[in-house]
Amino acid sequence: MQTRSFGRAPHQVSLLGFGAQRIVDEHDCTEEQAVAMIRHAVERGVNYFDTAPSYSDGQSETRVGLGLQGLRDRVWIATKTAERTRDAALRDLEGSLQRLQTDYVDEWRLHNIMRPHELESVFAKGGALEALLEAREQGLVRKLSISGHTDPRLLAEAIRRFPFDSALVALSALDHFIYSFAHEFVPQAVEQGVAVIGMKVMVMCKLAPWHEQALRYTWSLPVATAILGVSRMDELEADIAAAERFVPMNDIERVDFFGQIMPHVRADVLRWKASEWMSGEWYQLPELSFDPGK
């Protein structure tokens, strides 16, 4: 398994990250299957695990904790808070640590900053950023992170205001064409030493017919890792195999790939870039109170 550096940190993370959102009953994955996949992933060199308390009401975190028993020193655990205030975020973290059966997480991130008022809330007095700073000072978390699916301008502004260690952003080949984090966020993040984690790579299985091409597109960007959601062992094996034989995508391959997938650049496919999750209408970029070019 190839590894890459994690932004400014010397730590190395696996090219393939384990997305734990789908190792839950809701996705027809049993606890036994989840634990087996997690342990198999570690044995095959995967050391980056991403979860959140909102994934099936904490079941994802619980299963990650079970699967990583005895393996804590071999892995990097990232979890999130969708809360926007200090107190609520700290309550989130307390529950996460219990479910994950650990006394610290490697990376704690503000989950899905989608609209300008959310950005302002987390940076305000009593906002969630205060929780991140306090938790780091107490040794409960090591790296501070932020994530966004929709508007790259907000994430770019966030890392201008505060030196986040990492950012989790939508970097599928379809995301390339609208509100593109690859164009409007990644170059700035790399320049500032912010580790970039790619997500939504398979576009909720819409790019399954182009599985390896989809992975190669995202891994060819300057990302530290990309997280892939799995609910079955055969999915995990396919992702591991693709990571082990990865070579960067060249320009000709990329253009050919884009030509094949362009019909899928729609709001009902890229739901995280829709006005509402199931609306089928594109999110309309709001006016900002700050200049996104500075």
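What share of the 294 residues in the protein chain is buried? Buried residues make up 56% of them, where buried means under 20% relative accessible area, exposed over 50% and partly exposed in between, with a 1.4 Å probe and protein chains only.

A word on the ground rules before we go on. This is a predicted model, in which local features need pLDDT of at least 70 and side-chain atom pairs count only at pLDDT 80 or more, while totals for chains, interfaces and linings use all residues. Residues are numbered from 1 along each chain as its sequence is written, and side-chain values use heavy atoms, with hydrogens and water left out.

**The chain as a whole**

The protein chain holds 11 helices and 10 strands; these are DSSP runs numbered from the N terminus, with helices being H or I of at least four residues and strands E of at least two. Its radius of gyration is 18 Å, close to the 19 Å that the globule rule gives for 294 residues, so the chain is as compact as a globular protein of that length. That radius is taken over C-alpha atoms, and the globule rule is 2.2 Å times the number of residues to the power 0.38. Along the principal axes, the C-alpha atoms fill a box of roughly 50 × 50 × 35 Å. Of the contacts between residues at least 6 apart in sequence, 76% join residues at least 24 apart; contact means heavy atoms within 4.5 Å.

**An enclosed helix**

Let us turn to helix α6 (residues 152-161). In this helix 8 of the 10 residues are buried, so α6 is largely enclosed by the rest of the structure. The buried residues are Pro152, Arg153, Leu154, Leu155, Ala156, Glu157, Ala158 and Ile159. Their cover includes α4, β7 (141-148), β8, α7 and α8 (186-192).

**Two helix pairs**

Helix α1 (residues 31-43) and helix α10 (residues 233-244) have axes that come within 10 Å and cross at roughly 15°. Axes are lines fitted to C-alpha atoms, for helices over the stretch in contact, and angles run from 0 to 180 degrees between N-to-C directions. The pair is therefore roughly parallel: angles under 35 degrees count as roughly parallel, over 145 as roughly antiparallel, 65 to 115 as roughly perpendicular and the rest as oblique. On the α1 side, Ala36, Met37, His40 and Ala41 meet Met233, Leu236, Glu237 and Ile240 in α10. This contact divides into 6 nonpolar, 1 polar and 1 charged residues. Here Ala, Val, Leu, Ile, Met, Phe, Trp, Tyr, Cys and Pro count as nonpolar, Asp, Glu, Lys and Arg as charged, and the others, Gly among them, as polar.

Helix α9 (residues 211-219) packs against helix α11 (residues 251-261) at an angle of about 125°, with axes 11 Å apart. These two are therefore oblique to each other. Gln213, Ala214, Arg216 and Tyr217 of α9 make the contact with Glu253, Arg254, Phe257, Phe258 and Gln260 of α11. The residues of this contact comprise 4 nonpolar, 2 polar and 3 charged.

**Two residues with positive phi**

Which loops hold asparagine 112 and tyrosine 179? The table gives the places, along with phi, a positive value in a residue other than glycine for asparagine 112 and likewise for tyrosine 179.

| Residue | Phi | Loop | Relative accessibility |
|---|---|---|---|
| Asparagine 112 | Phi near 55° | Between β6 (105-110) and α4 (116-123) | 23%, partly exposed |
| Tyrosine 179 | Phi near 45° | Between β8 (166-170) and α7 (181-184) | 16%, buried |
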